[in-house]
Amino acid sequence: MNNFPNITLEIGIYAEMLIDWLMDNFEIGFDAISFILLQILLGIESFLLWLPWWVIVGIVFALGWRLINLKTGIFFGAMIFLVGTFGGEGLYWGLMMSTLALILVAVLVSLTIGIPLGIWMAYNQRIQSIVTPILDGMQTMPSFVYLIPAMVFFGLGLVPAVFATIIYAVPPVIRLTNLAIREVSQEMIEAGQSFGSTPWQILRKIQLPQALPTIMTGVNQTTMMALAMVVIASMVGARGLGMEVLTALGRLDTARGFEAGISIVILAVIIDRLSQAATNRFKAKE
Amino acid sequence: MTTKLKVEHVSKIFGRNPKSILKKMNKDGGTKEQIEEETGHTVGVHDVSFEVEEGETFVIMGLSGSGKSTLIRCLNLLNVPTGGKIFIGDEEITAYNKSQLRKFRQDKIAMVFQHFGILTHRTVLNNVEYGLEIKGMPKSDREKVARTVIETVGLGGWEDKMPSQLSGGMQQRIGLARALATEPDILLMDEPFSALDPLIRREMQQELLDIQNKLKKTIIFITHDVNEAFKLGDRVAVMKAGKVVQIGTPEEILSNPADAYIKDFVQDIDRTKILQAKNVMFKPTAIGTIKGGIKLAIKEMKDNGISSLFILDSERKLQGIITIDDAIKANQEDKKLSDILRNDFETTDLEAYVQDLIPKATESKFPIAVVDENSKLLGIIVRVSVLSALV
Ligand SMILES: Nc1ncnc2c1ncn2[C@@H]1O[C@H](COP(=O)(O)OP(=O)(O)OP(=O)(O)O)[C@@H](O)[C@H]1O
Ligand SMILES: [Mg+2]
């Protein structure tokens, strides 16, 4: 026996109370968020599925070619085509589009939240000192922990998956935006001020363009984290390649698991290389 | 001349409680170091007053940390003074609200920075356009203006390059062009050439002098280099520990330094570059005239103990020089004054630098005549004055 004293602290109750209170008072808010996210998600997903497959293969090829080189473009195009052949009847093509839609929405929302928040942090010392420890905490937590609040607020399905993905993926873009804006040379900003610029003009014409390469690095990292979260997010019921991996695992179906796994890897590599190449473009312009 | 800029008792103190520290300082006195030790506040500038005339180049010089940047940044309110008033024309800019201040910065004043402050994400042309863009000038107009100014500062052909493709000296030309593009009345330059190597630096100084000759802006120029200060400045203010310790023309400061600090400062100046003909010449007291004739000329030379004499006509125009030997001989042979006039002497104008007079002074056996454009005699420079200016 370890002889630990018999004390019962029921912290869980307070957490439950907080959640209940949030649900009671902000139900409309959660419903609205849920509705909007779902609409965007379904919109993008059905658009991607509506596009003929060769358009998407073509786009991937063209991006690879323009941003990296012709060989890479052909390789990426072939890889994407390969994924489409898995499972028969375009099964994996559909799954891949669902996953892509999830990633796109998560990244889009992360950027709309993350970039302004990063700017705000750069401008306001207090916000920075509040947000930084939260971001630190978020990045040390195992990713599936985010599924819990996501499920509590949004139940099962696509929305909690997107929500959890956003929470997991948003820190890098916040951090790097903050850093990038803070690092803009003071003399450049003063030059802007000395010509009578408004704060808004300084942000738009000096700070943001100067910060762009670093912000793009943040966007790249956020994208990669969103991709990594997709498999885990499928645990709460988002259809896509992630769920395929889970199902295969459950049935000990090695062949299917391999196909699903390799599809995710291919998607990850392509997205990573393309977004990195795009980021380097911005840096090269300096 | 009209006063363009008036600074009245301006102070800038950094720290948590600058206003009360300033009050205490005004009441009880205390040096920059004392205040820093006692209160932890930094005195950037304390109780500085001066005026700058329209079209004048006013140089502020002083050692590092003496408050030069703090002061110049008060003039466009990048630093808001802790106390005191600043007037441009008869507007008190220290009383401006935010939008008045923006308007003022857009239209009246521009700044050139030590490390250029160039926007690295914009082309040369777009950098120069920046101020006009903020003013709200349409794209085609501002491009036209920017191209002209780029030409003025000698950057023609580089319009579409990125700043990083240009050398330091050329980058500062962008800074200068950007500042000139908005046609400001006042140009603030905070050590604009300090980051450049000596050769480029001299070139830029000359460029600024040329531009200033054409445009006649009111310029406030900061430097810690005495040579630069005296070369460019119509007047120079010397700062020390947040205070202005002397204001004057380069000659005044050079010939009459207010204290040991300034004496130290001006010691490494090369005097020949600063002193001009007008600083070392004598008023021509002993002269002869054509009308006066030979006899009078001989008497003049004898009375003054000199061996040669400049001869003028009735309008004080310089006709030539005679020597005592020639004059005595001519007098015996009954020749006229005009027969023995010689022209193998050197002339110069008022503004010539003593440095450039050295060869003339050492070669000619006669004094150098200082004349105006109508060849009226204004003064005489003897060899010894030129050479003594060297030490
Ligand atoms: N923003 C600031 N906060 C606190 N102290 C400052 C600030 N700016 C300047 N100071 C202090 O004010 C004093 C004057 O500095 P300033 O930069 O005006 O000197 P300077 O004459 O321009 O020197 P340098 O030749 O090195 O540029 C220094 O003691 C400096 O530390
Ligand atoms: Mg300075």
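Two bridges hold strand 4 of chain B against strand 5 (residues 91-92) of chain B, and the two strands run antiparallel. That's a handy place to start looking around this predicted model. Within the pair, F87(B) has E92(B) of strand 5 as its bridge partner. The hairpin that links strand 4 and strand 5 of chain B leaves two residues between the strands, and G89(B) there takes a positive phi near 60°.

Strand 4 (residues 83-88) of chain B also pairs with strand 1 (residues 3-14) of chain B, in the antiparallel sense and over five bridges. Here L5(B) sits opposite I88(B) of strand 4.

## The six-stranded sheet of chain B

Next comes an open sheet of six strands in chain B, ordered 6-7-8-3-9-10, with mixed pairing. Why is one side of strand 6 and of strand 10 left without a neighbour in the sheet? Strand 6 (109-112) and strand 10 (243-248) of chain B stand at the edges with a single partner strand each, so one side of each has no neighbour there. From one strand to the next, the twist averages 20°.

Helix 3 (residues 68-75) of chain B packs on this sheet. The helix touches strand 3, strand 6, strand 7 (186-190), strand 8 (218-223) and strand 9 of chain B, and its direction makes about 160° with that of strand 8.

Now follow strand 9 of chain B. Strand 3 (residues 57-62) of chain B runs parallel to strand 9 (residues 235-240) of chain B, and five bridges join them. Strand 9 of chain B pairs with strand 10 of chain B over five bridges too, but in the antiparallel sense. As a reminder of what holds such strands together, strands of a sheet pair through backbone hydrogen bonds, either parallel or antiparallel.

Here are some bridge partners from strand 9 and its neighbours:

| Residue | Partner | Strand of the partner |
|---|---|---|
| F58(B) | R235(B) | strand 9 of chain B |
| I60(B) | A237(B) | strand 9 of chain B |
| K240(B) | K243(B) | strand 10 of chain B |

The hairpin of strand 9 and strand 10 of chain B has two residues between the strands, and A241(B) takes a positive phi near 50° there.

## A three-stranded sheet

Chain B also has an open sheet of three strands, in the order 11-12-13 and again with mixed pairing. Its edge strands are strand 11 (288-289) and strand 13 (318-323) of chain B, each pairing on one side only. Strand 11 of chain B lies parallel to strand 12 (residues 308-312) of chain B, with two bridges between them. One of the partnerships is that of G288(B) with I311(B) in strand 12 of chain B.

This sheet has a helix packed on it as well: helix 14 (residues 293-304) of chain B touches strand 11, strand 12 and strand 13 of chain B. The direction of helix 14 makes about 135° with that of strand 12 of chain B.

## Over to chain A

What is chain A built from, in helices and strands? It has 11 helices and zero strands. The C-alpha atoms of chain A fill a box of roughly 70 × 65 × 45 Å along the principal axes.

## Where the chains meet

How many residues does each chain bring to the contact? Chain A gives 19 residues and chain B gives 28 residues. Between them the chains bury about 1,900 Å², with 57% of it on carbon and sulfur atoms. On the chain A side, E187(A), F195(A) and K205(A) lose the most area to chain B, together 37% of what that side buries.

There are 11 residue pairs in polar contact between chain A and chain B, counting pairs with both residues at pLDDT 80 or more. On the side of chain A that touches chain B, the elements giving two or more residues are helix 8 (186-194) and helix 9 (199-233) of chain A. Helix 8 of chain A provides the largest share of that side, seven residues. By class, that side of chain A has six nonpolar, eight polar and five charged residues.

## Salt bridges

Side chains of opposite charge can pair when their charged atoms come close. Over all chains, the structure holds 25 salt bridges, and two salt bridges are counted between chain A and chain B. E190(A) forms a salt bridge with R73(B), where the closest N and O atoms are 2.6 Å apart.

Within chain B, K32(B) and E36(B) meet through their side chains in a salt bridge (3.7 Å, N to O). Both residues lie in helix 2 (residues 32-39) of chain B, four residues apart, about one turn of the helix.

How values were computed:
Residues numbered from 1 in each chain as written. Chains lettered and ligands numbered in written order. Heavy atoms only, no water. Contact = heavy atoms within 4.5 Å. Buried area = accessible area lost by both parts, 1.4 Å probe. Salt bridge = Lys/Arg side-chain N within 4 Å of Asp/Glu carboxyl O. Polar contact = N/O pair within 3.5 Å; in protein donor to acceptor, adjacent residues only side chain to side chain. Nonpolar A, V, L, I, M, F, W, Y, C, P; charged D, E, K, R; others polar. Pairing = 2+ DSSP bridges. Axes fitted to C-alpha atoms, helices over the stretch in contact; angles between N-to-C directions.
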